[in-house]
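Here is my note on the structure you sent, set out as numbered points. Please read each point with the model open beside you.

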Amino acid sequence: RLFSSLSPYVNGSRVLDLFAGTGSYGLEALSRGAVDVTFVERDRKTFNALRSNLASVLKSAGLPNTVARLHNREVSEFIRHATGCFDFVFIDPPYADIDSTCPEIFTQLLASKCLLPGIRLILESPGGKPFEFSGWKVDRIIGKEKKGSPVHRIYRPSPSVLDQ
């Protein structure tokens with residue numbers, strides 16, 4: 001459901017996949033026409049699986065290696081040094097870490113100047129608990145808000161933040 005909702009906007013986009021895991025969000029974006037995907041994953045073992053998955057997708061889709069970049073580092077560290085600009089940011093941290101990591105990540109992203117106009121941040125999180133972050137508003141929720149089910153919250157910068 002998520003990518004069906006985002007489909008009109010993904011083709012030609014630049015994507016950042018934070019806490020990438022094995023790369024499902026970024027790889028799906030590539031398969032739907034994203035022109036550039038950056039994956040960030042800290043765990044070395046998971047990163048190696050991501051590298052393998054990416055190579056397979058690029059080969060089967062006939063895409064050049066230049067459409068994707070892999071970073072084996074902490075998300076906050078990556079954002080502090082980010083040089084690219086993005087239309088979409090997918091954030092899929094361990095659910096237990098959302099409260100401790102996401103406020104800083106959302107703040108860092110606003111300050112980073114790496115967000116293109118029309119940016120959409122998509123946070124995968126457990127249903128039944130709203131997550132609000134300073135400078136951001138929830139634009140849409142995809143999924144059922146029942147406890148235990150994952151939902152995708154799509155955030156956009158608050159209008160007041162854009163005026164600064």
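1. Phenylalanine 90 has a relative accessibility of 1%, and because buried means under 20%, this residue counts as buried. Please keep in mind throughout that this is a predicted model. Phenylalanine 90 also forms an aromatic pair with phenylalanine 88, in which the centres are 6.2 Å apart and the planes meet at 15°, and the pair is classed as stacked. Phenylalanine 88 is itself buried, with a relative accessibility of 2%.

2. How many aromatic pairs does the protein contain? The count comes to 7. In one of them, the ring centres of tyrosine 25 and phenylalanine 90 are 5.1 Å apart and the planes lie at 5°, so this pair is stacked. Tyrosine 25 belongs to helix 2, whereas phenylalanine 90 belongs to strand 4 (residues 86-91), so the pair ties together parts that are 65 residues apart in sequence. Tyrosine 25 is buried too, at a relative accessible area of 10%.

3. Which residues make up the aromatic cluster around these pairs? Phe3, Tyr25, Phe88 and Phe90 form one cluster, and you may find it helpful to display these four side chains together.

4. Helix 2 covers residues 24-31, and its buried residues are Tyr25, Gly26, Leu27, Ala29 and Leu30. When you look at such a list, remember that an α-helix has 3.6 residues a turn, so residues three or four places apart point the same way. After helix 2 comes glycine 33, which has a positive phi, near 100°.

5. A further contact with a ring concerns tyrosine 9, since the charged end of arginine 120 sits over the ring of this residue, at 3.9 Å from the ring centre.

6. Turning to the whole chain, the protein has 6 helices and 7 strands, and from the N terminus on its elements follow the order α-β-α-β-α-β-α-β-α-β-β-β-α. Of the contacts with a separation of 6 or more, 62% join residues that are 24 or more positions apart.

7. Is the overall form compact or extended? For 164 residues a compact globule would have a radius of gyration near 15 Å, and because the protein has 15 Å, the value agrees with that expectation. The C-alpha atoms fill a box of roughly 40 × 35 × 30 Å along the principal axes.

8. As for the surface, the protein exposes about 8,500 Å², and carbon and sulfur atoms supply 50% of this area, while 42% of the 164 residues count as buried.

Conventions: Residues are numbered from 1 along each chain as its sequence is written. This is a predicted model: local features need pLDDT of at least 70, side-chain atom pairs count only at pLDDT 80 or more; totals for chains, interfaces and linings use all residues. Side-chain values use heavy atoms; hydrogens and water are left out. Buried means under 20% relative accessible area, exposed over 50%, partly exposed in between (1.4 Å probe, protein chains only). Helices (H or I, at least four residues) and strands (E, at least two) are DSSP runs, numbered from the N terminus. Rings of Phe, Tyr and Trp (its six-membered ring) pair if their centres lie within 6.5 Å; planes under 30 degrees apart count as stacked, over 60 as edge-to-face and the rest as tilted. A charge sits over a ring if NZ of Lys or CZ of Arg is within 6 Å of the ring centre and within 35 degrees of the ring normal. The radius of gyration is taken over C-alpha atoms; the globule rule is 2.2 Å times the number of residues to the power 0.38. Contact means heavy atoms within 4.5 Å. Accessible areas come from the Shrake-Rupley method with a 1.4 Å probe; for residues, only the protein chains shown count as cover.
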